[in-house]
Amino acid sequence: MVSNLAGGNAVGHGVEPGTQLGALESYAAQAHGYLTVGGEQLGQLAGLLRPLILESWLRSVRGGVDPMDVLDGRGLRGADLQRYRDNHPTTAVMPLVDRLLLQDATSTGLIVVIADQFGRVLSVHGNPDRVCAAAEVGLREGNDLSERRVGTNAVGLVVRTGRATWIHGPEHYLHRMHRITGAAAPVHDPDGRLVGVLMIAGGVRVARPEILALVKAAATAAEMDLMLSAVRAQQGGAERFGGVRDSSDRPPAGRLALDVLGLGQPQLTVAGDRVPLSQRHAEILLLLAEHPEGLSADHLALLLDDTDLDNATIRAAMSRLRAVVGPQAFGSRPYRLRVHLASDVEALRAALDSGDVDAAVRLYTGPVLPRSTAPGVIDIRDELRVRLRTAVLRSGEPTVLRRWTSGAEGRDDTAAWVAYRATVDRDSALYAQIEAKIRVLDRRLGVDATQMQRFDS
């Protein structure tokens with residue numbers, strides 16, 4: 001089946017003279033040999049891989065990705081995937097992408113992959129046999145192609161770097177992806193935020209410059225289509241109100257953004273103006289952003305309070321929130337955001353999904369709404385903290401570990417201090433300082449354990 005995806009052509013020397021694919025394959029195969037050995041041999045990778053690929057491989061190593069990873073069936077599936085896809089911004093440009101890319105590419109035996117801003121595959125198009133072969137190597141609807149999850153690949157690199165790129169055969173970090181070549185380009189919304197990735201995948205033909213140029217052109221056209229749609233929506237709204245609209249009925253202009261990390265008061269940015277939010281309003285906005293498919297009043301009540309909140313209380317809270325953000329920002333039955341709400345939680349997740357742990361630690365100014373007792377918020381708070389701490393401990397990066405242990409969350413994290421110590425020269429003054437900190441934490445833990453035993457007795 002994989003040979004169907006590759007077009008049945010073995011890659012040989014001189015197939016693509018401009019890019020010397022034969023030599024590239026040979027060097028990448030050697031690199032995989034050093035990768036298997038590990039340790040000091042990883043230093044040999046620099047002479048064998050393109051700089052962009054080398055950096056991605058090293059991030060994959062630090063992130064604990066297994067190059068022999070096999071498919072595990074995880075991913076967004078069924079109705080959940082359909083709801084997510086239907087509400088995703090790329091849905092609006094699919095007719096354009098179909099005309100520009102899908103019809104020609106799929107008729108020549110290639111497949112087209114559309115992914116979201118985090119690297120999750122929204123759809124795969126092409127000959128049914130090729131689509132089936134793609135699924136066998138992991139290019140399946142609902143699967144996560146982020147660098148953090150599957151290592152070096154074209155979609156993951158676009159999410160990570162924001163730039164169009166191509167990955168050929170054994171340049172992929174995972175062995176199961178070695179028979180494919182992918183060329184991918186980013187799609188941005190009118191505000192410049194990444195909203196999706198377009199990729200053509202197949203055999204050696206995809207490594208040609210004109211294929212990458214084709215993907216980039218389609219992505220640019222999709223961005224223009226999104227911009228024109230936004231302009232038409234604004235003009236249509238103005239015409240419905242005779243060219244002048246009441247400010248209370250105007251949907252938020254520009255970016256709508258929510259800041260909920262850390263101890264400060266939650267903040268909402270509406271049309272460039274920062275507005276302080278109440279705890280309850282911040283909770284509602286965050287939960288609606290987490291559930292783009294919408295929430296019924298009963299479901300929202302359960303996420304806000306584990307006691308019984310009646311629907312009248314929910315309606316009153318939503319009415320007050322509409323006065324802050326404008327009535328056009330929400331739909332009802334179910335309650336649903338009609339506009340994209342950027343948030344520091346979304347940015348933190350994107351950094352973690354792309355494997356950029358350093359950026360994630362910088363973004364993490366504190367827990368999600370630390371004073372909130374809403375069950376849905378507590379779940380988000382705990383999930384992000386666990387994900388971030390796990391990524392920090394796995395990173396092995398001195399700067400990341402230093403920043404984590406200097407913050408409130410990591411100040412008393414013994415495991416993080418031990419990981420930090422492992423990155424420092426044993427003869428340095430810093431090593432001695434870290435060792436002293438670990439001993440203090442160990443003694444404190446011993447005292448706490450003794451006191452607990454006395455209490456229990």
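How are helices α10 and α12 oriented to each other? In this predicted model, helix α10, which spans residues 279–290, packs against helix α12, formed by residues 311–325, at an angle of about 90 degrees. Angles of 65 to 115 degrees count as roughly perpendicular, and α10 and α12 are therefore roughly perpendicular to each other. Their axes lie 10 Å apart. On the side of α10, the contact is made by His281, Ile284, Leu285 and Leu288. Helix α12 contributes Ala317, Met318, Arg320, Leu321 and Val324. Classified by residue type, the contact of α10 with α12 comprises seven nonpolar residues, one polar residue and one charged residue.

An open sheet is built from four strands, arranged in the order β8-β7-β6-β11 with mixed pairing. Strands β8 (273–276) and β11 (341–343) occupy the edges, each pairing on one side only. On average, neighbouring strands of this sheet are turned by 25 degrees against each other, direction ignored. Strand β6 (residues 256–259) and β11 run parallel and are joined by three bridges. Within this pairing, Leu256 has Leu341 in β11 as its bridge partner. Helix α13, covering residues 344–353, packs on the sheet and touches β6 and β11. The direction of α13 makes about 65 degrees with that of β11.

Turning to charged side chains, the count comes to 24 salt bridges. One of them joins Asp69 to Arg176, with the closest N and O atoms 2.9 Å apart. This pair links distant parts of the chain, the two residues being 107 residues apart. Asp69 belongs to the loop between α3 (51–62) and α4, whereas Arg176 belongs to the loop between β3 (165–168) and β4 (181–188). Residues with under 20% relative accessible area are classed as buried. Asp69, with a relative accessible area of 18%, is therefore buried. Arg176 has a relative accessible area of 18% and is likewise buried.

Helix α4 (residues 78–86) includes Gly78, which counts as exposed because its relative accessibility is 53%. The C-alpha atom of Gly78 is separated by 9.7 Å from that of Glu141, a residue 63 positions away along the chain. A salt bridge within α4 involves Arg83 and Asp80, which are three residues apart, about one turn of the helix. The closest N and O atoms of this pair are 2.4 Å apart. Arg83 is partly exposed, with a relative accessible area of 38%, and Asp80 is also partly exposed, at 42% relative accessibility.

A further salt bridge is formed by the side chains of Arg385 and Glu409, with an N to O distance of 2.3 Å. This pair, too, links distant parts of the chain, and its members are 24 residues apart. Arg385 lies in helix α15 (residues 375–395), while Glu409 lies in the loop between α16 (398–405) and α17 (414–421). Arg385 has a relative accessible area of 29% and is partly exposed.

Salt bridges also connect Asp144, Arg148, Glu290, Arg349, Asp353, Glu383 and Arg387 in a network. Among these residues, Glu290 falls within α10, the helix of residues 279–290, and Arg349 and Asp353 fall within α13, the helix of residues 344–353.

Terms used
Residues numbered from 1 in each chain as written. Predicted model: local features only at pLDDT ≥ 70, side-chain atom pairs only at ≥ 80, totals over all residues. Heavy atoms only, no water. Pairing = 2+ DSSP bridges. Axes fitted to C-alpha atoms, helices over the stretch in contact; angles between N-to-C directions. Contact = heavy atoms within 4.5 Å. Parallel < 35°, antiparallel > 145°, perpendicular 65-115°, else oblique. Nonpolar A, V, L, I, M, F, W, Y, C, P; charged D, E, K, R; others polar. Buried < 20%, exposed > 50% of the residue type's maximum accessible area, 1.4 Å probe, protein only. Salt bridge = Lys/Arg side-chain N within 4 Å of Asp/Glu carboxyl O.
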